[in-house]
Amino acid sequence: LLVWLVYAHWLTCGFHYLGELECAIWERSSHSGAEVEYPMSSYHAEPWLSHYDLEQAPASTRYLECLFWAFSTMTTVSWSTIVPQTAAEKVYTICGQVVGNVFYATIFGNITSFIASMDASGDRFRRKVEAVREFAA
């Protein structure tokens with residue numbers, strides 16, 4: 001569970017950094033009027049930080065928005081107020097979903113295995129008690 005929370009923090013920070021990076025490219029291209037080469041696509045949409053007017057928001061607000069996005073992405077709920085806007089943000093989101101699902105499946109797989117092993121131990125105990133009762137009778 002701790003690993004899942006650490007991953008959520010990393011995903012949050014990465015998404016925020018990607019938004020900052022894309023905003024810098026966006027501002028440079030909009031102020032210069034020159035065509036800027038974008039690494040992820042031939043078009044460039046407005047980055048999520050600009051799209052949702054969060055560029056000047058306090059760091060705590062941006063972190064909370066990114067953290068909410070990260071948990072929505074990791075659990076594949078995908079219900080978030082923040083939607084990736086650019087191709088790079090979409091690729092990052094897809095990677096976040098894949099890795100998040102691996103963590104999610106691992107955690108719940110381990111919990112299921114633990115519960116199943118408890119049930120198997122209980123069955124062995126009940127069989128031994130029944131054997132003792134038959135022996136005593």
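In the predicted model, Tyr92 has a relative accessibility of 23% and is therefore classed as partly exposed, since burial requires a value under 20%. Its aromatic partner, Trp69, is buried, with a relative accessible area of only 2%. The rings of Trp69 and Tyr92 are stacked, with 6.1 Å from centre to centre and 15 degrees between the planes. Because Trp69 belongs to helix 3 and Tyr92 to helix 4 (residues 87-136), this pair ties together parts of the chain that are 23 residues apart in sequence.

In total, eight aromatic pairs were counted. Another of these is formed by Trp4 and Phe71, whose ring centres are 5.6 Å apart; their planes stand at 70 degrees, so the arrangement is edge-to-face. This pair connects distant parts of the chain, as Trp4 lies in helix 1 and Phe71 in helix 3, 67 residues apart. The two partners fall into separate accessibility classes: Trp4 is buried, at 13% relative accessible area, whereas Phe71, at 26%, is partly exposed. Ring pairs further join Trp4 and Phe71 with Tyr104 and Phe108 in a cluster.

Nonpolar side chains were examined next. In soluble globular proteins, such side chains tend to be buried together. The largest nonpolar core in the model comprises 15 residues. Those with the most contacts inside this core are Leu11, Phe15, Trp48, Leu54, Trp69, Met74 and Ile82. At least two core residues are supplied by each of helix 1 (2-32), helix 2 (48-51) and helix 3 (59-74). Helix 1 provides the largest share, namely six residues. Trp69 thus appears both among the core residues with the most contacts and in the stacked pair with Tyr92.

Met74, also listed among those core residues, touches Trp4, Tyr7, Ala8, Leu11, Gly100 and Asn101 when residues up to four places away in sequence are not counted. Two of these partners recur elsewhere in the analysis: Leu11 is named with Met74 in the core, and Trp4 takes part in the edge-to-face pair with Phe71.

The cysteines were considered last. The number of disulfides was zero. For Cys13, the closest cysteine sulfur is that of Cys66, at 8.2 Å; a disulfide requires sulfur atoms within 2.5 Å, so this separation is too far for a bond. Cys13 is partly exposed, with a relative accessible area of 35%. Cys95 is likewise partly exposed, with a value of 45%.

Key
Residues numbered from 1 in each chain as written. Predicted model: local features only at pLDDT ≥ 70, side-chain atom pairs only at ≥ 80, totals over all residues. Heavy atoms only, no water. Core = buried A, V, L, I, M, F, W, Y, C linked by side-chain atoms within 4.5 Å. Buried < 20%, exposed > 50% of the residue type's maximum accessible area, 1.4 Å probe, protein only. Helix = DSSP H or I, 4+ residues; strand = E, 2+ residues; numbered from the N terminus. Contact = heavy atoms within 4.5 Å. Phe/Tyr/Trp six-rings, centres within 6.5 Å; stacked < 30°, edge-to-face > 60°.
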